[in-house]
Amino acid sequence: MELTEKDRQLLALMQKNAREPVASLARQLGVSRTALQERIQKLEAGGIIEGYAVRLTKAAAQNSVHCFTFAALNNKSYPDVSRKIKAMPSIQAVFAITGEWDLIIHLAADTLEKLNREVNAVNEINGVVKTASHVVMETKFNRNIYAL
């Protein structure tokens, strides 16, 4: 699906506030409410808009401890490792990267102790050769590319 400039503007507005009324979005974009509603439906049907989520404030999320774990894998283990990490609810996102490491794994837990158990569980997955973990001390800003 080819995105227009209006689509990009709409998506930017919706990322700021997905609960913004369609009539308000239409006014901001200078289009009719009906046309905008149809466009949103096309973006959903075309797989551009996958869903809607709740973003928590820092105060609500402050009881969570986040960690980014870099992982190097045995090349033959990608499918097995992917299946196992996807099944772990503490894992928020996984990014395949270039360089020395194969993956960056974003983990979150209620306590540092629970986070430590989860990081250890990643280390124990057959096919994970080595890891390096970095605990998040503070979020400076979040463009909400993924929830943190």
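I'll start at Asp-7, which lies in helix 1, residues 5-16. Keep in mind that this is a predicted model.

Is Asp-7 buried or exposed? Its relative accessible area is 1%. The cut-off for buried is under 20%, so Asp-7 counts as buried. Setting aside residues up to four places away in sequence, Asp-7 touches Glu-2, Arg-39 and Leu-43.

Asp-7 has company in helix 1. The buried residues there are Asp-7, Leu-10, Leu-11 and Met-14. Around the axis they cover an arc of only 100°, so they sit on the same side of helix 1. On the other side of helix 1 we find Glu-5 and Lys-16, both exposed. What lies over the buried residues of helix 1? The cover includes helix 2 and helix 3.

A quick check on the geometry of helix 1. It has 12 residues, and at 1.5 Å a residue these should span 16 Å. The end C-alpha atoms of helix 1 are 17 Å apart, which agrees.

Next, the two helices that help cover helix 1. Two packed helices are described by the angle between their axes and the distance between the axes. Helix 2 is residues 22-29 and helix 3 is residues 33-45; their axes come within 9 Å and cross at roughly 105°. That crossing makes helix 2 roughly perpendicular to helix 3.

Which residues make this contact? From helix 2 there are Val-22, Ala-23, Leu-25, Ala-26 and Leu-29. Facing them in helix 3 are Arg-33, Leu-36, Gln-37 and Ile-40. By type, the residues of this contact divide into seven nonpolar, one polar and one charged.

Let me step back to the whole chain. The protein has six helices and four strands. In sequence order the pattern reads α-α-α-α-β-α-β-β-α-β. There are 148 residues, and 30% of them count as buried. How much of the contact set joins residues at least 24 apart in sequence? Among contacts between residues at least 6 apart, the share is 65%.

Now to the strands, by way of Ile-105, which lies in strand 3. Ile-105 has 1% relative accessibility, so this residue counts as buried. Leaving out neighbours within four places in sequence, Ile-105 is in contact with Cys-67, Phe-68, Thr-69, Ala-71, Ile-91, Ala-93, Val-94 and Val-122. One more pair involving this residue: Ile-105 and Ser-133 are 28 residues apart in sequence, and their C-alpha atoms are 9.0 Å apart in space.

Val-122, one of the contacts of Ile-105, takes us to helix 6. Which residues of helix 6 are buried? They are Leu-115, Val-119 and Val-122. Seen down the axis of helix 6, these buried residues fall within an arc of 55°, so they line one face of the helix. Glu-113 and Arg-117, on the other side of helix 6, are exposed.

The cover over the buried residues of helix 6 includes strand 1 (65-73), strand 2 (91-96), strand 3 (103-109) and strand 4 (128-135).

The length check for helix 6, residues 112-123, goes as follows. Its 12 residues at 1.5 Å each should span 16 Å, and its end C-alpha atoms are 16 Å apart, which agrees.

To recap the two covers: for the buried residues of helix 1 the cover includes helix 2 and helix 3, while for those of helix 6 it includes strands 1, 2, 3 and 4. That is where I'll stop.

Notes: Residues numbered from 1 in each chain as written. Predicted model: local features only at pLDDT ≥ 70, side-chain atom pairs only at ≥ 80, totals over all residues. Heavy atoms only, no water. Axes fitted to C-alpha atoms, helices over the stretch in contact; angles between N-to-C directions. Parallel < 35°, antiparallel > 145°, perpendicular 65-115°, else oblique. Contact = heavy atoms within 4.5 Å. Nonpolar A, V, L, I, M, F, W, Y, C, P; charged D, E, K, R; others polar. Expected span 1.5 Å × (residues − 1). Buried < 20%, exposed > 50% of the residue type's maximum accessible area, 1.4 Å probe, protein only. Arc of directions from axis to C-beta.
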